[in-house]
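Here are my notes for you on this one, as numbered points. Have the viewer open while you read.

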Amino acid sequence: MGLFDFLKKKPTVSSEVIIAADKEDETAKRQLHIAFEQGLTSDEHNALRKKAYYPLAVNGDANAQYWMGFLCLYCDKNPKEALYWYEKSASQGDTESMRALALGYSEYVNDPENSYAGCIGFGFDAQKERYWITKAAESGDYKAQVDLALDYKIENNSEMAIRWYSKALQSTDCKVLVQAYKGMADIYGCMLDKNYYNPEKQKEYLIRILEMKQNNVNDIGAYDEIAYSSAAFSLASLFFNEYKRTNDFSILRKSVYCFSLSYISGNEFSKEYITNSGYKISDIEWQTWVKHAKTLSFYLPN
């Protein structure tokens, strides 16, 4: 082999590295990144993944069966083959496969007007969708629990939505927690549901969203500027309504603080509320509030 042929040779990546990278092993991910820099393509990477997972899947490994389903669906565009592997994996209790099955049967994925990350559905089937997401939720999958809670919330079944959101609150995944906190805040903030309407509880869950980043400083998943800005706006509105009832200046300050966090984080609508509030923000306050918003921090002023 000549020097030119050697330089053209594609990098090789072992099955062990492929599998470890999919499990978020940092060393394996770095090795894979180097391989991509040396010329490995996405198609070649996925071919190597199938080669790595197939023998394990045939021998009954549930995680390998999940990945075979994933690769068959998203790479090969073969829903029949994907369904085969997902069902095998799910029958062994793999909750990722259960969630994948629920998604594959959902109306959204099967709607030709929508595109969900290139996903090909298995055909819309509401009963199968609910069956699989419920099975995953009952198996302790926190992501499935928030999805199931959202389904019940859309159906105006607050009791069941709260039940599943409450279970999801046991998660340590920041993204799951933000979804659960938001769902709970929405339920307790809905004036149409007199059985559950509770502004104080709504306020409690909005504050949890706003405190997410500072309470999980080392978790990049806690960085959610959109959720932060939205929660700040909702909380500001609650405080402003409270101020109109009480005429308490300290509550107005809390409201303007939250509107400011929302505005600095990208919600232009908040500016009008700040302007019309009648509260004059001092330079020191504004500098402090900007710092809070830029770092997604939250320290409610007295």
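1. Aromatic pairs to start with: the count comes to 20. Keep in mind throughout that this is a predicted model. One pair to look at is tyrosine 105 with phenylalanine 122, where the ring centres sit 5.5 Å apart and the planes make 65°, so this pair goes down as edge-to-face. Tyrosine 105 is in the loop between α7 and α8 (107–110) and phenylalanine 122 is in the loop between α8 and α9 (126–138), so you get a link between distant parts of the chain, 17 residues apart. Both tyrosine 105 and phenylalanine 122 are buried.

2. Now go to tyrosine 188 and tyrosine 205. Their ring centres are 6.1 Å apart with the planes at 5°, and that is why the pair counts as stacked. Tyrosine 188 belongs to helix α12 (residues 174–188) and tyrosine 205 to helix α13 (residues 199–210); with their positions 17 residues apart in sequence, this pair too links distant parts of the chain. Tyrosine 188 is buried, as is tyrosine 205.

3. Back to tyrosine 105 for a moment. Which residues do ring pairs link into a cluster? They are Tyr53, Tyr66, Trp67, Phe70, Tyr74, Tyr86, Tyr105 and Phe122. Try selecting that set in your viewer.

4. The two helices that carry the stacked tyrosines also pack on each other. α12 and α13 meet at an angle of about 160°, with the axes 8 Å apart. Since over 145 degrees counts as roughly antiparallel, α12 and α13 are therefore roughly antiparallel to each other. Their crossing is left-handed. From α12 the contact uses Val178, Tyr181, Lys182, Met184, Ala185 and Tyr188, and from α13 Pro199, Lys201, Gln202, Tyr205, Leu206, Arg208 and Ile209. By class, the residues of that contact are nine nonpolar, one polar and three charged.

5. What angle do α16 and α18 pack at? Helix α16 (residues 249–264) and helix α18 (residues 283–294) are at about 50°, and their axes are 9 Å apart. That makes α16 and α18 oblique to each other, and the crossing is right-handed. On the α16 side the contact is made by Arg253, Val256, Tyr257, Ser260, Leu261, Tyr263 and Ile264; on the α18 side by Glu285, Trp286, Trp289, Val290, His292, Ala293 and Lys294. Sorted by class, the residues of this contact come out as nine nonpolar, two polar and three charged.

6. Another helix pair for your list is α2 (residues 15–22) with α4 (residues 42–58). The angle is about 95° and the axes are 9 Å apart, so α2 and α4 are roughly perpendicular to each other. Ser15, Ile18, Ile19 and Asp22 of α2 meet His45, Leu48, Arg49, Ala52, Tyr53 and Leu56 of α4. The contact of α2 with α4 has six nonpolar, two polar and two charged residues. Tyr53 should look familiar, as one of the residues in the aromatic cluster.

7. On backbone angles, have a look at lysine 77: its phi is positive, about 55°, although lysine 77 is not a glycine. You'll find lysine 77 in the loop between α5 (62–74) and α6 (79–90). Its relative accessible area is 42%, so lysine 77 is partly exposed. Leucine 296 also has a positive phi, near 55°, and is a residue other than glycine. Leucine 296 is in the segment after α18. Is leucine 296 buried or exposed? At 2% relative accessibility, leucine 296 counts as buried.

8. Last stop, threonine 95, which is in helix α7 (residues 95–104). With a relative accessible area of 18%, threonine 95 falls under the 20% cut-off, so threonine 95 is buried. Apart from neighbours within four places in sequence, threonine 95 is in contact with Ala136, Ser139 and Asp141. If you want a distance to check, take threonine 95 and serine 270: C-alpha to C-alpha they are 41 Å apart in space, and they are 175 residues apart in sequence.

How values were computed: Residues numbered from 1 in each chain as written. Predicted model: local features only at pLDDT ≥ 70, side-chain atom pairs only at ≥ 80, totals over all residues. Heavy atoms only, no water. Axes fitted to C-alpha atoms, helices over the stretch in contact; angles between N-to-C directions. Helix = DSSP H or I, 4+ residues; strand = E, 2+ residues; numbered from the N terminus. Parallel < 35°, antiparallel > 145°, perpendicular 65-115°, else oblique. Left-handed = near helix turned anticlockwise from the far one by under 90°. Contact = heavy atoms within 4.5 Å. Nonpolar A, V, L, I, M, F, W, Y, C, P; charged D, E, K, R; others polar. Buried < 20%, exposed > 50% of the residue type's maximum accessible area, 1.4 Å probe, protein only. Phe/Tyr/Trp six-rings, centres within 6.5 Å; stacked < 30°, edge-to-face > 60°.
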